[in-house]
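Here are some exercises to work through with the model open beside you. Try each task before reading its solution.

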Amino acid sequence: MSTLIGIRGEDDNSIDALYSPAKEKAANRGAYSSRSPLLLRRARQLLGEAKLKLFLCFFALCVLVFVTSRLSSFMGWNPHYPSSVSSPSRGGYTVLINTWKRNSLLKQSVAHYASCSGTEAIHVVWSESDPPSESLKAYLKKIVFYKSQTAQKPNFKFDINEEDNLNNRFKPIEDLKTDAIFSVDDDVIVPCPTLNFAFTVWQSAPFAMVGFVPRMHWLEKAKHGDTYYKYGGWWSVWWMGTYSMVLSKAAFFHRKYLDLYTHKMPSPIHDYVSRERNCEDIAMSLLVANATSAPPIWVKGKIYEIGSSGISSLKEHSEKRNKCLSDFATLYGTIPLLSTNVKAVDARQEWFWISSFLKSLVIK
């Protein structure tokens, strides 16, 4: 309790006659502290805003971590642990290039995929009547050696077939050292970082097809009441956000499907592909869906088509694909394809949106 020392002045009734050391100390510094309440309130206000921004940043990061973990769980794959399903001896992938009388494109394609760090082997499916020339073989082997960035250079080989048949692209490969097959057309270039990310996705779901070119199917009813299957290209996928296939022109799948396609798939489907010269990629999608009872995985990524023409550019291509689906449904007895709207995205390339958001919070 403060001690008051009473001193009587000339006017005993004056309230100022009471003297207090505390009052005197406060009076002496009053002239210097008149602004301190305003400064203190401003400091508290700024501190409160800073705390709010830090809280919002922390909350945003928590939401991002939660959503990412839930999405990974929902998709059934976890890109952080690719080694859990792949032994070190099978840690890379084999690039399987299908080509047809486009040597200039083949040279570009082989040179590019030889430079990707995950490439352990490159096989070229050759179905032309004349075998590849010795000069072409020598050139491609040389370019693989010089373009490879790894100490262990990729093995390069032509898989030569005696007849021109689209089924050739899915023949089993002898002495294959990887479980992962990246099937690609000679005119399709996938950047190495994008390709390697897709490989990590495949490693976490090694029995699914994992690729860059999604397509859709659905059942239509004709005017007379009959039903038929319709093939949906890229625009239908873009519009609906749903797909049920990824095409083998740029897709990973397990090596076992080469054996299943060649030896286990119904022979009428082989005959159909040979006769129509089309739809081997749809047949492979049906095979994998039938084996897994699961949809494929579409990987977001930019790919480049360096060719100018192909069967997919023909006007009647969509009609033929529609017919393939309906005919395969008859041959299979069903269509095992399952649709999904899940897409695998490399979060390292999507970070800009959250970093911009956090930056805006700090600036405000």
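A salt bridge here is a side-chain nitrogen of Lys or Arg within 4 Å of a carboxyl oxygen of Asp or Glu. By this rule the count comes to 11 salt bridges. You are looking at a predicted model, in which local features need pLDDT of at least 70 and side-chain atom pairs count only at pLDDT 80 or more, while totals for chains, interfaces and linings use all residues. Residues are numbered from 1 along each chain as its sequence is written, and side-chain values use heavy atoms, with hydrogens and water left out.

**Exercise 1.** Find which residue forms a salt bridge with aspartate 187, and decide whether each partner is buried or exposed, or in between.

Solution. Step one: the partner is arginine 102, with the closest N and O atoms 3.7 Å apart. This pair ties together distant parts of the chain, 85 residues apart: aspartate 187 sits in the loop between β6 (180–185) and β7 (188–189), and arginine 102 in the loop between β3 (93–99) and α3. Helices (H or I, at least four residues) and strands (E, at least two) are DSSP runs, numbered from the N terminus.

Step two: apply the burial cut-offs, where buried means under 20% relative accessible area, exposed over 50%, and partly exposed in between (1.4 Å probe, protein chains only). Aspartate 187 has 8% relative accessibility, so it counts as buried. Arginine 102, at 24%, is partly exposed.

**Exercise 2.** Do the same for the salt bridge between aspartate 346 and arginine 348.

Solution. Their side chains meet at 2.9 Å, N to O. With a relative accessible area of 12%, aspartate 346 is buried, whereas arginine 348 is exposed at 64%. As for networks, salt bridges that share partners join Arg102, Asp186 and Asp187 into one.

**Exercise 3.** Check the length of helix α3 (residues 103–114) against what its residue count predicts.

Solution. First, the rule: the expected span of a helix is 1.5 Å times one less than its number of residues. The 12 residues of α3 should therefore span 16 Å, and the end C-alpha atoms are 16 Å apart, in agreement. Next, look at burial: Leu105, Leu106, Ser109, Val110, Ala111, His112, Tyr113 and Ala114 are the buried residues of α3.

**Exercise 4.** Which residues have the most contacts inside the largest nonpolar core?

Solution. A nonpolar core is a set of buried Ala, Val, Leu, Ile, Met, Phe, Trp, Tyr and Cys residues joined through side-chain atoms within 4.5 Å. The largest has 81 residues, and Val110, Tyr113, Phe182, Phe252 and Phe328 have the most contacts inside it. For phenylalanine 328, contact means heavy atoms within 4.5 Å. Leaving aside neighbours within four places in sequence, its contacts include Ile269, Tyr272, Cys279, Leu286 and Thr334.

**Exercise 5.** Trace the order of the eight strands in the open sheet, and name its edges.

Solution. Two strands pair if DSSP finds at least two bridges between them. The order is β5-β4-β3-β6-β12-β8-β13-β15, with mixed pairing. The edge strands, each pairing on one side only, are β5 (155–160) and β15 (343–344). Within the sheet, β3 and β4 (residues 119–126) run parallel, joined by seven bridges; tyrosine 93 has threonine 119 in β4 as its bridge partner.
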